[in-house]
Amino acid sequence: MKILKSFSSLVALVLTGCVGNMNPTGGNSSPDYPYFITTEPMMVKKIMVPKGTKLTYDEHFFVSGEQSHKMSEKRLTTIKLPEGQFINWGGVPVYEIYKFFNSEMRGYSVYADFSKLSADKKTKFSELWQSCSNDIGITIKNEDDWSFNKENIADVESCSVLYQRYFKDDAKQQGFLNEMLTELRKVNTK
């Protein structure tokens, strides 16, 4: 019995020490995700990105850090444009797009730089977006298209943490996101 008690105490001590240092990525440092820096302008997820854009991918066995070539777009998690550059996404200057972390959700978050948006280019959609944050979450039908393709956009999932579809019973949040989606649909991209 004494041996069992000692063994139980030892196991509890070891587990307590491990739990305090647990990192969900498997170590005490962030993973070295594979990435590629574009060497020329190219089409990525139906978006033309400039030279110097950083494309980051899911973890992959035996592949980490900078890569010498573009990897499969199926594994793409992030498009980050070079410092000071942006793409036009729904009439808004955007510098970064992140695939949703939750693999059960089809979509991405879009990050805007509203200081680059001139007053004459503002729309009701951009004003709503700017009023809550610089990022919005977009759910999509086809995961191969991250462009501002209104036919592919299923919904505005969130605007920062202030407004989220997750809170179905919150009429204010749902109303704001419904209005954003309506205004997104009105944006003329021509």
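These are legends for a set of close-up views of a predicted model.

**View 1. How far to trust the model.** Across the protein, pLDDT averages 86, and 84% of the residues score at least 70. The stretch to watch is residues 6-23, where the pLDDT is below 50. Leaving aside near neighbours in sequence, that stretch has 3 contacts in the model. Where pLDDT is low, the predicted coordinates shouldn't be read in detail.

**View 2. The disulfide between Cys132 and Cys159.** The count for this model is 1 disulfide, and here it is: Cys132 joined to Cys159, with an S to S distance of 1.6 Å. Cys132 belongs to helix H2 (residues 124-132) and Cys159 to strand S10 (residues 153-159), so the pair ties together parts that are 27 residues apart in sequence. Which hand does the disulfide have? The torsion about the S-S bond is about 65°, so the disulfide is right-handed. As for surroundings, both ends are tucked away from the surface: Cys132 is buried at 8% relative accessible area, and Cys159 is buried at 0%.

**View 3. Lys70 with Glu73.** Now for the charged pairs: the model has 6 salt bridges, and this is one of them. The side chains of Lys70 and Glu73 meet at 3.1 Å, N to O. Buried or exposed, where does Lys70 fall? In between: Lys70 is partly exposed, with 30% relative accessibility. Glu73 also counts as partly exposed, at 23%.

**View 4. Asp144 with Lys74.** In this salt bridge, the closest N and O atoms of Asp144 and Lys74 are 3.1 Å apart. It's a link between distant parts of the chain, with the two residues 70 apart. Asp144 sits in the loop between strand S9 (135-140) and S10, while Lys74 sits in the loop between strand S4 (54-57) and strand S5 (76-80). The two ends fall in separate accessibility classes: Asp144 is partly exposed at 32%, whereas Lys74 is exposed, with a relative accessible area of 59%.

**View 5. Glu179 with Lys124.** Here's a salt bridge running from helix to helix, with 3.8 Å between the closest N and O atoms of Glu179 and Lys124. Glu179 is in helix H3 (residues 171-186) and Lys124 in helix H2, so this pair too links distant parts of the chain, 55 residues apart. Glu179 is partly exposed, at 31% relative accessible area. Lys124 is likewise partly exposed, at 41%. Helix H2 already turned up in View 2, as the helix that holds Cys132.

Methods
Residues are numbered from 1 along each chain as its sequence is written. This is a predicted model: local features need pLDDT of at least 70, side-chain atom pairs count only at pLDDT 80 or more; totals for chains, interfaces and linings use all residues. Side-chain values use heavy atoms; hydrogens and water are left out. A disulfide is a pair of cysteine sulfur atoms within 2.5 Å. Helices (H or I, at least four residues) and strands (E, at least two) are DSSP runs, numbered from the N terminus. Buried means under 20% relative accessible area, exposed over 50%, partly exposed in between (1.4 Å probe, protein chains only). pLDDT is the predictor's confidence in each residue, from 0 to 100. Contact means heavy atoms within 4.5 Å. A salt bridge is a side-chain nitrogen of Lys or Arg within 4 Å of a carboxyl oxygen of Asp or Glu.
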